[in-house]
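Q: I have a structure open and don't know where to start. Can we go through it together?

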Amino acid sequence: MRGYRYIDGVVTLRVDRQRCVGCGACVQVCPHRLFSLDEGVLALRDADLCMECGACARNCPVEAITVSPGVGCAVAILAAWINRLTGRKVLSDCC
Amino acid sequence: MLCPFVEEFIPTPVGPIPRVATTVSHRDRWGTIGARIGLIRRNYKVAPGLYAVGTPGAGSPVLVTANYKLTFDSLRHRLGNIDAWLLVVDTRGINVWCAAGKGSFSSEEVIRGVEQARLAEVVSHRRLILPQLAATGVTARAVRRGCGFDVLFGPVRAEDLPAFLRHDHQADETMRTVTFTMAERAVLIPVELFLLAKPLLAVLCLGPLLSGIGPGLFSPAAALERGLILLAATVAGIGAGAVLTPLALPRLPGRQFWIKGILAVLPVALCLWLLFAHRLTPIEQAAMLLWTATVSSYLAMQFTGSTPFTSPSGVEYEMRRGLPVQLAAACLGLGLWLAAPFLANGGG
């Protein structure tokens, strides 16, 4: 996805190459093409391009990838903040 | 009660299955427009279940999709000359990406769809093709465990499906990468504007009320004059934050959207100032510009929800910085706007 770059150094994506079994599921599902297999083990390029959709971690059979997944939407986050603050469901999120 | 996109029913081992058209009808076109501007977005669905395109047989591919009508249409309209089964999963009328992110396009829902359609009796193979963006909500191995079907994640965009099917189910890097082109951004603008109708109505009602308050208690003339300027300032902010920002997104400097919104407002604010400065005191001018910038900054920040590259961690990071600034600017702007008539009078 050329031309777009979001905030550096904030994403929760972590990989554990020791656990990787080289199945390639993450390579297939990542919509930003961040993974590849390097001699049968996953290699991650430029983690800052991750949008934390969680597709890789969900489809990894051995938990070699962890990420705190979610929807990167200000309205949804604001709704969650306000609802937590008031302890009620004041706002519902967008889509 | 036949849906207009159903051409006929074809016999299968589990009974008749509706065959759907792959051409775009006028009704589809109007429906798409209605959904895109936000009028019928919330309840634009098709019934979940199994459908056919072309004349599929036991060996034909099964394409799984969401039951938002816009999603269903964009899939079937690209399947001319293809024989396939369409398994429409109940995603509560939400598109693939949002439904997968929010959990309604899930492994469980796919398994339920397969079982309810008795898919194992219709096809002889055991393979489902899902849109790649469903992988956020669907675990391939959970589906296999749950119903015996292998999940193959196909291309991101439905338009690439014919090539994907032709090339032995191989997707190249382009097919697997999300994009956010000018057209893809522009098509999102009408819904954003539609959702702003209510807040804008509030400004239309409250603006004159607040603008008329002055040393003489309430001035109808000032209410009209200043109320309209406040409305214009709000509309300008919306233009900068919800139209200009999406259109110019990759060109706007900076990473944080609330800052992009402030940069996008600069040309708009200049026009606003040239139009109205002569009718306002310097304090009112400052108030007007603060308000416009706040509206633009907030709406730009809100646009993070429509992009396919903003991480929730990043959005939270920028909201912790942007929101306090926006709150302070909004309070200062409105405060100055309210105080201006008194200050002008005191000075003169």
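A: What follows is a short chat about a predicted model.

Q: OK, which residues have the most contacts inside the largest nonpolar core?
A: Those are B:W85, B:F105, B:V110, B:L128 and B:L130, in a core of 39 residues.

Q: And what is B:F105 in contact with, leaving aside neighbours within four places in sequence?
A: Its partners include B:V64, B:T91, B:V96, B:L130 and B:V138. Apart from the largest core lies another one of 22 residues, with B:V6, B:Y51, B:F72 and B:L79 among them.

Q: Switching topic: how many disulfides are there over all chains?
A: Zero, after a search of the whole structure.

Q: Why is A:C56 not bonded to A:C50?
A: The sulfur of A:C50 is the closest cysteine sulfur to that of A:C56, but at 6.2 Å it is too far for a bond. A disulfide needs the two sulfur atoms within 2.5 Å. A:C60 is in no disulfide either, since the nearest cysteine sulfur, in A:C23, is 6.1 Å away.

Q: Is A:C60 buried or exposed?
A: A:C60 is buried, with a relative accessible area of 9%. A:C56 is buried too, at 8%.

Q: Back to chain B. What domains is it divided into?
A: Domain 1 covers 6-178 and domain 2 covers 183-347. Their centres, taken over C-alpha atoms, are 41 Å apart.

Q: How many residues does the contact take from each domain of chain B?
A: Eight from domain 1 and eight from domain 2. The area buried between these two domains is about 650 Å², and carbon and sulfur atoms give 66% of that.

Q: How many salt bridges between domain 1 and domain 2 of chain B?
A: Zero. One residue pair is in polar contact between these domains.

Notes
Residues are numbered from 1 along each chain as its sequence is written. Chains are lettered from A and ligands numbered from 1 in the order in which they are written. This is a predicted model: local features need pLDDT of at least 70, side-chain atom pairs count only at pLDDT 80 or more; totals for chains, interfaces and linings use all residues. Side-chain values use heavy atoms; hydrogens and water are left out. A nonpolar core is a set of buried Ala, Val, Leu, Ile, Met, Phe, Trp, Tyr and Cys residues joined through side-chain atoms within 4.5 Å. Buried means under 20% relative accessible area, exposed over 50%, partly exposed in between (1.4 Å probe, protein chains only). Contact means heavy atoms within 4.5 Å. Domain bounds come from an automatic or database domain assignment. Buried area is the accessible area (1.4 Å probe) that two parts lose on being put together, summed over both. A salt bridge is a side-chain nitrogen of Lys or Arg within 4 Å of a carboxyl oxygen of Asp or Glu. A polar contact is a pair of N or O atoms within 3.5 Å; within protein, one must be able to donate a hydrogen and the other to accept it, and residues adjacent in sequence count only if both atoms are side-chain atoms.
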